[in-house]
Amino acid sequence: KKNLEIAGFVQSENDPCLFISDNVICVCYVDDCLWWSPEQRYIDEAIERVKVNMDLEVEDSVDGFLGISVDRKLGDNGEEEIHLKQKGLIGQVITALGLDKENSNGIRTPAPDAPLPQDKEGEPHDLGFNYASVVGMAMYLCNNSRPELAFAVHQCARHSFNPTRKHAEYLKRIGRYLISTRDQGLIIRCDQDRSILDIECFVDADFAGMFSHEDKNDPHCVRSRTGFVIMMGGSPIVWKSNLQPIIASSTMESEYIALSTACKELIPLRRAAKEIAKACGVSREERASMHTTIREDNVGAMTLANLELPQLTPRSKAIGVRYHWFRQYVSQNQGEDGGIVIKKVDTKDQIADIFTKGLGRQMFERLRKMLAGW
């Protein structure tokens, strides 16, 4: 940070790892940096200024950054695409699981329809691999280039401290899915029908999804799952699948908690996007009219979120203090203030569904296409 500030960069108010100068944007990850600029000479000049105060090794390309291959190519429509892949890490996962990448049977979905419950009376895991280590590798994979794995991997991560044979078999299923899709990765493309500044967030929840699969006397079985993805220009940039921290008492409440959780990522990201847009010369008027839309398929959650402050519904008071905070950012229409608009999305087009439950092959592949581009 100190060296970048000496070199003329200003730290972002919204992301501590983002630094901006007059002509260059820099993002830091521990001791690795990525640089953006309209011209290579600006990057070269910035690096020379930073190198005065520290030992800096300069790579020729972004390809391989943090183990991710970055391949630019033309898509079917003639527009440039960026393909993010982690074939090396996929190979490590397959090998660690003891699968033969050439002969093991691949499958088309990473998770079955039924969720992965606790297995208190199950056989101990004895399949010859380090469960927690493989889960860690799979989480790094799904957090960077394989978002469609998030639900399946988080299901396994939940049992890292006491995995049974059933949990290990589930993890091997993910490995077999990777065998059949090992050459694939996240495709980033700019949707020509949308402004690059427009942000879309798809939000979903699975209400008490484990209730019929775990001990009904265990309160953890009724925790709901949040799933969401935030997209810019039609490409995903943030996604998440995890259990909610409190127990929701209705479908509406679980969807509303998911909506609030997604906004914790969405609102700071909007600010950072405007900050970057300003650095890139986007006019104040364009920045002010940035469109931000949340796609929600639950009418009750939408109704509550769109009530004008300080209105509540009788059943919403219990969750008000913790989850109503985001409503001050919600607009009734997409006006000049660039507020957040919440709109209904048909369940079949709810991309976030892929983060909350196991899906059949047809629906899974349809949503994966909308999410990851393949």
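C263 is tucked away in this predicted model: the residue is buried, with a relative accessible area of 1%. C28 is buried too, at a relative accessible area of 14%.

So what about disulfides? A disulfide is a covalent bond between the sulfur atoms of two cysteines. To count as one here, a pair of cysteine sulfur atoms has to sit within 2.5 Å. Here is how C263 and C28 fare:

| Cysteine | Relative accessible area | Closest cysteine sulfur | Sulfur to sulfur distance |
|---|---|---|---|
| C263 | 1% | in C201 | 6.7 Å |
| C28 | 14% | in C33 | 3.6 Å |

C263 doesn't make a bond because its sulfur is 6.7 Å from the one in C201, which is too far. C28 misses out as well, because 3.6 Å to the sulfur of C33 is also too far for a bond. By the 2.5 Å rule, the tally is zero disulfides.

Now for a sheet. Three strands line up in the order 5-6-7, pairing antiparallel, and the sheet is open. Its edges are strand 5 (69-74) and strand 7 (186-188); each has a single partner strand, so one side of each has no neighbour in the sheet. From one strand to the next, the twist averages 25 degrees.

What holds for strand 5 and strand 6, and how many bridges join them? Strand 6 covers residues 80-85, runs antiparallel to strand 5, and is joined to strand 5 by six bridges. If you want one pair to look up in the structure, try K73: its bridge partner in strand 6 is E81.

Terms used: Residues numbered from 1 in each chain as written. Predicted model: local features only at pLDDT ≥ 70, side-chain atom pairs only at ≥ 80, totals over all residues. Heavy atoms only, no water. Buried < 20%, exposed > 50% of the residue type's maximum accessible area, 1.4 Å probe, protein only. Pairing = 2+ DSSP bridges. Helix = DSSP H or I, 4+ residues; strand = E, 2+ residues; numbered from the N terminus. Axes fitted to C-alpha atoms, helices over the stretch in contact; angles between N-to-C directions.
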